[in-house]
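I opened this notebook to record what I looked up in the model shown below. The entries run from the whole chain to a single helix.

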Amino acid sequence: MSAVLGAGEFILAFMVFLLAHRIPTIPVVRSTCVATLGPRGFTLAYSALSLLLLAWVIGAAGRAPYVHLWDTVPALAYFALALMLAAFLIASLALGRPNPFSFGGMNNGLFDPARPGIVRLTRHPLLVALALWSLAHLVVKGNAAHVLMFGSFLAFSFLGMRMLNRRKQRQMGARWQDLDSAVAARPLLACLLPLRETVLRGCVAVALLYLMLLLHPVLFGVDPLHAYFLG
């Protein structure tokens, strides 16, 4: 009975999570929510809801029946750690920075295509970070529920990039192509911010990753340091 309940909770949590990310994209629903809550209020409410549902899905996956698919070997664990570090670095370089191409950018009117930062490397850094986070967990979680969950997050990341590209091109018109061409013309070194800010954000990323590893057993019931590295 517990196995049935665990499987049912996971399916329910996963469906609610998917619907919560599909329904707000319907134009009439989104415009109504923005008109009611305001742009900032809608972003904050939607972000809080997404985090709560994500926590539910992850918890439900842990309670779902265990169906073994593959073993985690040390090489996969170190690969996952490298992916997580890259995810935190990309997210740290993106947060709080203008980005008219994607979601999450701040003061997008101040975006300078001559100094695009991480946007030179990817137009959707937060979705790339999500993809790396998903892949990192996918390779070390060799059971059916986690493979389904993290595999779906990975697919969602790439699908989200395509959807955002189409939406932003439609909203911005010719300006999108002009900005995209201007950013693409910059050398790859333009993905770096001023040296001091780049180093600071890099240190923040490393610190946050270490903090997440320490808090992981409290938040998610799994200690990756001892499970994969110290055990």
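I first looked up burial: 37% of the 231 residues in the chain are buried, where buried means under 20% relative accessible area, exposed over 50%, and partly exposed in between, with a 1.4 Å probe and protein chains only. The model is predicted, so local features need pLDDT of at least 70 and side-chain atom pairs count only at pLDDT 80 or more, while totals for chains, interfaces and linings use all residues. Residues are numbered from 1 along each chain as its sequence is written, and side-chain values use heavy atoms, with hydrogens and water left out.

I noted nine helices and zero strands in the chain; these are DSSP runs numbered from the N terminus, helices being H or I of at least four residues and strands E of at least two.

For overall dimensions, I found that the C-alpha trace spans about 55 × 45 × 25 Å along its principal axes.

I then looked up contacts (heavy atoms within 4.5 Å). Of those with a separation of 6 or more, 74% join residues 24 or more positions apart.

I turned last to helix α7, residues 174–184, whose buried residues are Trp176, Leu179, Asp180 and Val183. These lie on the same side of α7 because they cover an arc of only 100 degrees around the axis, the arc being that of the directions from the helix axis to the C-beta atoms. Ala174 and Asp178, on the other side of α7, are exposed. I recorded α6 (144–172) as part of what covers the buried residues of α7.
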